[in-house]
Number of protein chains: 2
Amino acid sequence: MHVHILVKPECVEAFKTATLANARASVQEPGVARFDVVQQADDPTRFVLVEVYRDAAANVAHKQTEHYPVWRDTVAAMMAEPRTSVKFNQIYP
Amino acid sequence: MHVHILVKPECVEAFKTATLANARASVQEPGVARFDVVQQADDPTRFVLVEVYRDAAANVAHKQTEHYPVWRDTVAAMMAEPRTSVKFNQIYP
(Lines give C-alpha, C1' and ligand atoms only; values in the text may rest on other atoms or scores of the structure.)
Protein backbone atom coordinates (compact mmCIF):
# COMPACT_ATOMS: atom_id res chain seq x y z
CA MET A 1 0.00 0.00 0.00
CA HIS A 2 1.20 3.51 -0.81
CA VAL A 3 -0.17 6.22 1.47
CA HIS A 4 0.14 9.69 -0.10
CA ILE A 5 0.23 12.55 2.39
CA LEU A 6 0.35 16.31 1.81
CA VAL A 7 1.58 18.08 4.95
CA LYS A 8 1.15 21.73 5.91
CA PRO A 9 4.52 23.48 5.33
CA GLU A 10 4.86 24.51 8.97
CA CYS A 11 4.28 20.90 10.09
CA VAL A 12 6.88 19.11 7.95
CA GLU A 13 9.46 18.59 10.70
CA ALA A 14 6.88 17.54 13.32
CA PHE A 15 5.34 15.16 10.79
CA LYS A 16 8.74 13.58 10.08
CA THR A 17 9.38 13.07 13.79
CA ALA A 18 6.01 11.42 14.44
CA THR A 19 6.19 9.35 11.26
CA LEU A 20 9.72 8.11 11.96
CA ALA A 21 8.58 6.90 15.39
CA ASN A 22 5.64 5.11 13.79
CA ALA A 23 7.81 3.52 11.09
CA ARG A 24 10.37 2.26 13.61
CA ALA A 25 7.60 0.65 15.66
CA SER A 26 5.82 -0.72 12.60
CA VAL A 27 8.83 -2.62 11.25
CA GLN A 28 8.86 -4.52 14.57
CA GLU A 29 5.45 -6.03 13.71
CA PRO A 30 5.89 -9.60 12.43
CA GLY A 31 3.52 -9.02 9.51
CA VAL A 32 5.25 -5.90 8.19
CA ALA A 33 7.76 -6.56 5.39
CA ARG A 34 8.40 -2.89 4.55
CA PHE A 35 7.49 0.43 6.11
CA ASP A 36 9.51 2.97 4.16
CA VAL A 37 8.92 6.70 4.46
CA VAL A 38 9.94 8.94 1.55
CA GLN A 39 9.72 12.70 1.01
CA GLN A 40 9.28 14.12 -2.49
CA ALA A 41 12.53 15.74 -3.66
CA ASP A 42 10.93 18.72 -5.41
CA ASP A 43 8.14 19.27 -2.85
CA PRO A 44 9.09 18.51 0.79
CA THR A 45 5.45 18.74 1.89
CA ARG A 46 4.65 15.51 -0.01
CA PHE A 47 5.34 12.14 1.59
CA VAL A 48 4.62 8.54 0.70
CA LEU A 49 4.49 5.68 3.18
CA VAL A 50 5.49 2.53 1.30
CA GLU A 51 3.90 -0.22 3.38
CA VAL A 52 4.16 -3.93 2.54
CA TYR A 53 2.23 -6.42 4.67
CA ARG A 54 2.82 -10.16 4.54
CA ASP A 55 -0.95 -10.78 4.36
CA ALA A 56 -4.30 -9.04 4.90
CA ALA A 57 -4.35 -9.99 8.59
CA ALA A 58 -1.08 -8.12 9.09
CA ASN A 59 -2.68 -4.93 7.82
CA VAL A 60 -5.56 -5.38 10.29
CA ALA A 61 -3.07 -6.10 13.09
CA HIS A 62 -1.16 -2.90 12.27
CA LYS A 63 -4.30 -0.85 12.94
CA GLN A 64 -4.65 -2.56 16.32
CA THR A 65 -1.18 -1.70 17.62
CA GLU A 66 -0.59 0.95 20.25
CA HIS A 67 1.56 3.06 17.94
CA TYR A 68 -0.84 3.29 14.97
CA PRO A 69 -3.60 5.38 16.64
CA VAL A 70 -0.96 7.55 18.35
CA TRP A 71 0.53 8.37 14.93
CA ARG A 72 -2.89 8.79 13.28
CA ASP A 73 -4.11 11.22 15.93
CA THR A 74 -0.79 13.08 16.18
CA VAL A 75 -0.52 13.82 12.47
CA ALA A 76 -4.24 14.40 11.76
CA ALA A 77 -4.00 18.17 12.19
CA MET A 78 -0.72 18.35 10.23
CA MET A 79 -2.24 17.28 6.92
CA ALA A 80 -3.15 19.85 4.29
CA GLU A 81 -5.72 17.48 2.80
CA PRO A 82 -7.01 13.99 3.65
CA ARG A 83 -4.43 11.32 2.93
CA THR A 84 -5.07 8.84 0.11
CA SER A 85 -4.09 5.18 -0.17
CA VAL A 86 -3.49 2.98 -3.19
CA LYS A 87 -3.39 -0.79 -2.73
CA PHE A 88 -0.88 -2.88 -4.68
CA ASN A 89 0.00 -6.49 -5.15
CA GLN A 90 3.70 -7.20 -4.73
CA ILE A 91 5.25 -8.55 -7.94
CA TYR A 92 8.89 -8.37 -6.83
CA PRO A 93 10.36 -9.37 -4.48
CA MET B 1 12.34 7.09 -7.14
CA HIS B 2 8.85 5.89 -8.00
CA VAL B 3 8.31 5.11 -11.68
CA HIS B 4 4.62 5.04 -12.60
CA ILE B 5 3.77 2.94 -15.64
CA LEU B 6 0.44 2.40 -17.39
CA VAL B 7 0.59 -0.75 -19.53
CA LYS B 8 -1.65 -1.72 -22.45
CA PRO B 9 -4.08 -4.40 -21.18
CA GLU B 10 -2.87 -7.00 -23.69
CA CYS B 11 0.75 -6.44 -22.59
CA VAL B 12 0.37 -6.89 -18.81
CA GLU B 13 1.82 -10.40 -18.65
CA ALA B 14 4.70 -9.65 -21.03
CA PHE B 15 5.45 -6.48 -19.07
CA LYS B 16 5.57 -8.43 -15.81
CA THR B 17 7.97 -10.97 -17.28
CA ALA B 18 10.35 -8.33 -18.65
CA THR B 19 10.13 -6.21 -15.51
CA LEU B 20 10.77 -9.15 -13.16
CA ALA B 21 13.93 -9.99 -15.11
CA ASN B 22 15.05 -6.36 -14.84
CA ALA B 23 14.29 -6.18 -11.10
CA ARG B 24 16.19 -9.40 -10.37
CA ALA B 25 19.23 -8.08 -12.23
CA SER B 26 18.93 -4.60 -10.69
CA VAL B 27 19.04 -5.79 -7.07
CA GLN B 28 22.42 -7.35 -7.88
CA GLU B 29 23.85 -3.86 -8.47
CA PRO B 30 25.83 -2.72 -5.42
CA GLY B 31 24.19 0.72 -5.40
CA VAL B 32 20.61 -0.54 -5.46
CA ALA B 33 18.98 -0.78 -2.01
CA ARG B 34 15.46 -1.54 -3.29
CA PHE B 35 13.94 -2.43 -6.62
CA ASP B 36 10.37 -3.42 -5.80
CA VAL B 37 7.73 -3.91 -8.46
CA VAL B 38 4.07 -3.50 -7.48
CA GLN B 39 0.83 -3.80 -9.47
CA GLN B 40 -2.21 -1.73 -8.51
CA ALA B 41 -4.85 -3.95 -6.89
CA ASP B 42 -7.88 -2.29 -8.53
CA ASP B 43 -6.23 -1.68 -11.93
CA PRO B 44 -3.75 -4.38 -13.05
CA THR B 45 -2.52 -2.18 -15.93
CA ARG B 46 -0.90 0.21 -13.43
CA PHE B 47 2.54 -0.55 -12.02
CA VAL B 48 5.01 1.28 -9.82
CA LEU B 49 8.74 0.55 -9.68
CA VAL B 50 9.93 1.49 -6.20
CA GLU B 51 13.64 2.13 -6.73
CA VAL B 52 16.02 3.18 -3.95
CA TYR B 53 19.63 4.00 -4.86
CA ARG B 54 22.40 4.39 -2.28
CA ASP B 55 23.57 7.61 -4.00
CA ALA B 56 23.23 9.57 -7.24
CA ALA B 57 26.10 7.68 -8.86
CA ALA B 58 24.22 4.41 -8.35
CA ASN B 59 21.30 5.76 -10.37
CA VAL B 60 23.69 6.69 -13.19
CA ALA B 61 25.35 3.27 -12.96
CA HIS B 62 21.93 1.58 -13.24
CA LYS B 63 21.36 3.23 -16.61
CA GLN B 64 24.75 1.92 -17.80
CA THR B 65 24.08 -1.74 -17.05
CA GLU B 66 23.39 -4.29 -19.77
CA HIS B 67 19.92 -5.09 -18.40
CA TYR B 68 18.54 -1.53 -18.20
CA PRO B 69 18.44 -0.75 -21.96
CA VAL B 70 17.15 -4.27 -22.68
CA TRP B 71 14.23 -3.65 -20.31
CA ARG B 72 13.66 -0.09 -21.57
CA ASP B 73 13.53 -1.15 -25.21
CA THR B 74 11.51 -4.31 -24.51
CA VAL B 75 8.73 -2.53 -22.64
CA ALA B 76 8.65 0.68 -24.69
CA ALA B 77 5.87 -0.54 -26.98
CA MET B 78 3.89 -2.04 -24.07
CA MET B 79 3.16 1.29 -22.43
CA ALA B 80 -0.19 3.00 -22.90
CA GLU B 81 1.38 6.39 -22.15
CA PRO B 82 4.91 7.64 -21.37
CA ARG B 83 6.06 6.59 -17.93
CA THR B 84 6.49 9.22 -15.22
CA SER B 85 9.02 9.36 -12.38
CA VAL B 86 8.88 11.08 -9.01
CA LYS B 87 12.12 11.52 -7.06
CA PHE B 88 12.11 11.09 -3.28
CA ASN B 89 14.52 11.43 -0.40
CA GLN B 90 14.53 8.42 1.88
CA ILE B 91 13.43 9.31 5.41
CA TYR B 92 13.14 5.76 6.76
CA PRO B 93 14.95 3.46 6.84
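Here are some short exercises on this two-chain model, each with a worked solution.

A note before starting: this is a predicted model, in which local features need pLDDT of at least 70, side-chain atom pairs count only at pLDDT 80 or more, and totals for chains, interfaces and linings use all residues. Residues are numbered from 1 along each chain as its sequence is written, while chains are lettered from A and ligands numbered from 1 in the order in which they are written.

**Exercise 1. Work out how helix 1 and helix 3 of chain A pack.**

Step one is to find the elements. Helices (H or I, at least four residues) and strands (E, at least two) are DSSP runs, numbered from the N terminus. Helix 1 of chain A covers residues 12-26, and helix 3 of chain A covers residues 67-75.

Step two is the geometry. The axes of this pair lie 10 Å apart, at an angle of about 165°. Helix 1 of chain A is therefore roughly antiparallel to helix 3 of chain A. On the cut-offs: angles under 35 degrees count as roughly parallel, over 145 as roughly antiparallel, 65 to 115 as roughly perpendicular and the rest as oblique. Axes are lines fitted to C-alpha atoms, for helices over the stretch in contact, and angles run from 0 to 180 degrees between N-to-C directions.

Step three is the hand. The two helices of chain A, 1 and 3, have a left-handed crossing (the near helix is turned anticlockwise from the far one by less than a right angle; clockwise would be right-handed).

Step four is the list of residues. From helix 1 of chain A come A:F15, A:A18, A:T19, A:N22, A:A25 and A:S26, and they meet A:H67, A:W71, A:T74 and A:V75 of helix 3 of chain A. Contact here asks for C-beta atoms, placed from the backbone, within 7 Å. Sorted by class, the residues of this contact come out as five nonpolar, five polar and no charged. Ala, Val, Leu, Ile, Met, Phe, Trp, Tyr, Cys and Pro count as nonpolar, Asp, Glu, Lys and Arg as charged, and the others, Gly among them, as polar.

**Exercise 2. Place strand 3 of chain A among its partners.**

Start with strand 1 (residues 2-6) of chain A, which pairs with strand 3 of chain A in the antiparallel sense over five bridges. (Strands pair if DSSP finds at least two bridges between them.) One of these links has A:V48 as the bridge partner of A:H4.

Now turn to strand 2 (residues 32-40) of chain A: with strand 3 of chain A it pairs antiparallel over seven bridges. A:V48 turns up here too, as the bridge partner of A:V38. Strands 2 and 3 of chain A form a hairpin, with five residues between them.

Last, check burial. Seven of the eight residues of strand 3 (residues 46-53) of chain A are buried, so this strand is largely enclosed by the rest of the structure. A residue is buried if 20 or more other C-beta atoms lie within 10 Å of its own, exposed if 12 or fewer, and partly exposed in between, with C-beta atoms placed from the backbone.

**Exercise 3. Trace the sheet with the order 5(A)-2(B)-3(B)-1(B)-4(B).**

First, the layout: this is an open sheet of five strands with antiparallel pairing. Strand 5 (88-92) of chain A and strand 4 (84-86) of chain B stand at the edges, each with a single partner strand, so one side of each has no neighbour in the sheet. From one strand to the next, the twist averages 25°.

Next, the link across chains. Strand 5 of chain A pairs antiparallel with strand 2 (residues 32-40) of chain B over four bridges, with B:V37 as the bridge partner of A:Y92. Helix 1 (residues 12-26) of chain B lies across both of these strands, at about 165° to strand 2 of chain B.

**Exercise 4. Describe the contact between chains A and B.**

Count residues: 20 come from chain A and 20 from chain B. On the side of chain A, the elements giving two or more residues are helix 1, strand 2, strand 3 and strand 5. That side has 12 nonpolar, four polar and four charged residues. Then look at strand 2 of chain A, which runs antiparallel to strand 5 (residues 88-92) of chain B and is joined to it by four bridges; A:Q40 has B:F88 as its bridge partner.

**Exercise 5. Find the peptide bond from A:Y92 to A:P93 and that from B:Y92 to B:P93, and say whether each is cis or trans.**

In chain A, the bond is cis, with omega near 0°, and A:P93 lies in the segment after strand 5 of chain A. In chain B, the bond is cis, with omega near -5°, and B:P93 sits in the segment after strand 5 of chain B.

Key
Contact = placed C-beta atoms within 7 Å.
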